[in-house]
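Please open the model in your viewer and follow the stops below in order, selecting each part as it is named.

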Amino acid sequence: MSRAPDHHDAFARTLHWLMAVLILAMLFVGVAMVSSITLRPALLALHRPIGIALLVLAIVRLVHRLFRRLPALPDDLPAWQRLAAHASHWALYALMLAMPLVGWGMVSAAGNPVVPWGDVHLPAIAAHDPALYSVLRSAHAWLARALLAVILLHLSAALYHAWVRRDGVFRSMAPVPLGRAVDADETAVDADETDRDMKAENAV
Ligand code: HEM
Ligand code: HEM
């Protein structure tokens with residue numbers, strides 16, 4: 001069997017960083033939207049189309065992930081960190097799908113038309129029902145908090161790999177190619193070679 005790739009492919013990396021920017025913007029837009037009456041209409045007009053676009057991108061990304069080979073995690077990564085990495089990635093996928101679906105369901109339950117842009121009218125995915133609206137409304141807010149918490153954990157883990165372990169995991173998802181990782185064995189070989197060259201020079 002061929003070796004696992006050492007980085008995520010260009011399509012996965014593009015989707016990862018595009019969606020990261022849009023999701024973070026959506027969290028801030030959402031909070032600003034519910035805190036300001038004057039800004040609310042303009043922000044809502046931004047929130048709905050980006051939210052629906054994120055749902056489409058999350059489905060495309062999930063399908064792409066299921067059919068591609070992923071870079072392997074480093075062999076020496078402790079089992080609990082391996083488990084945490086897989087669990088947090090699946091939690092992020094679940095939340096990337098749940099957030100827009102709950103948002104769409106909430107607008108449907110409020111009895112409002114779901115018009116992400118122009119003449120595009122999406123069908124209602126929930127019955128017009130004030131009690132259901134109230135449940136979905138608080139679910140949307142709680143899921144947003146959970147999403148922010150998992151993103152912060154994910155960010156900390158990514159920086160731990162980049163700055164502390166320096167094990168190529170960050171490089172595998174870097175937005176632009178960062179060159180090849182130099183591992184400890186290679187550094188030892190380089191040091192041996194330099195040592196040998198210096199001895200040879202001194203001998204001359
Ligand atoms: C990844 C996608 C999404 C994220 C991250 C997100 C995030 C948020 C956040 C953080 C809030 C403020 C919650 C609060 O503190 O009370 C919010 C509110 C809201 N969201 Fe979303 N949202 C997303 C998708 C959607 C979609 C697709 C729709 C509708 C089609 C939608 C409709 C709304 C509405 C109407 C509110 C305001 C509710 C109110 O004030 O009553 N959201 N969203
Ligand atoms: C909204 C923000 C983010 C979301 C939703 C997100 C989501 C994900 C997901 C689902 C994966 C698994 C690979 C895949 O299927 O694409 C992943 C991998 C990764 N992410 Fe993020 N990410 C976010 C932000 C960030 C940030 C800010 C960084 C770094 C500073 C980062 C660094 C990484 C790295 C290094 C990997 C590769 C991990 C591995 O292969 O095991 N991510 N991300």
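Begin with the whole chain of this predicted model, colouring its 204 residues by burial, and you will find that 12% of them count as buried. Switch next to a secondary-structure colouring, in which the chain shows six helices and zero strands, so that the pattern read along the sequence is α-α-α-α-α-α. If you then draw the contacts with a sequence separation of 6 or more, 63% of them are accounted for by residues 24 or more positions apart.

For the next stop, select ligand 2 together with its shell, which consists of 22 residues, the closest being A20, I23, H89, A158 and M173. Two or more residues of this shell are given by each of helix 1 (10–35), helix 3 (79–109), helix 4 (130–165) and helix 5 (169–172), and the largest share, six residues, comes from helix 1. Recolour the shell by residue class, and the selection divides into 17 nonpolar, four polar and one charged residues.

Finally, move to A94, whose place is in helix 3, one of the helices that contribute to the shell around ligand 2. Is A94 buried, exposed or partly exposed? With 15 other C-beta atoms within 10 Å, A94 is partly exposed, because a residue counts as buried at 20 or more such neighbours and as exposed at 12 or fewer. While A94 is selected, add L62 and draw the C-alpha to C-alpha distance, which is 9.9 Å, although the two residues lie 32 residues apart in sequence.

Key:
Residues numbered from 1 in each chain as written. Chains lettered and ligands numbered in written order. Predicted model: local features only at pLDDT ≥ 70, side-chain atom pairs only at ≥ 80, totals over all residues. Near = placed C-beta within 6 Å. Helix = DSSP H or I, 4+ residues; strand = E, 2+ residues; numbered from the N terminus. Nonpolar A, V, L, I, M, F, W, Y, C, P; charged D, E, K, R; others polar. Contact = placed C-beta atoms within 7 Å.
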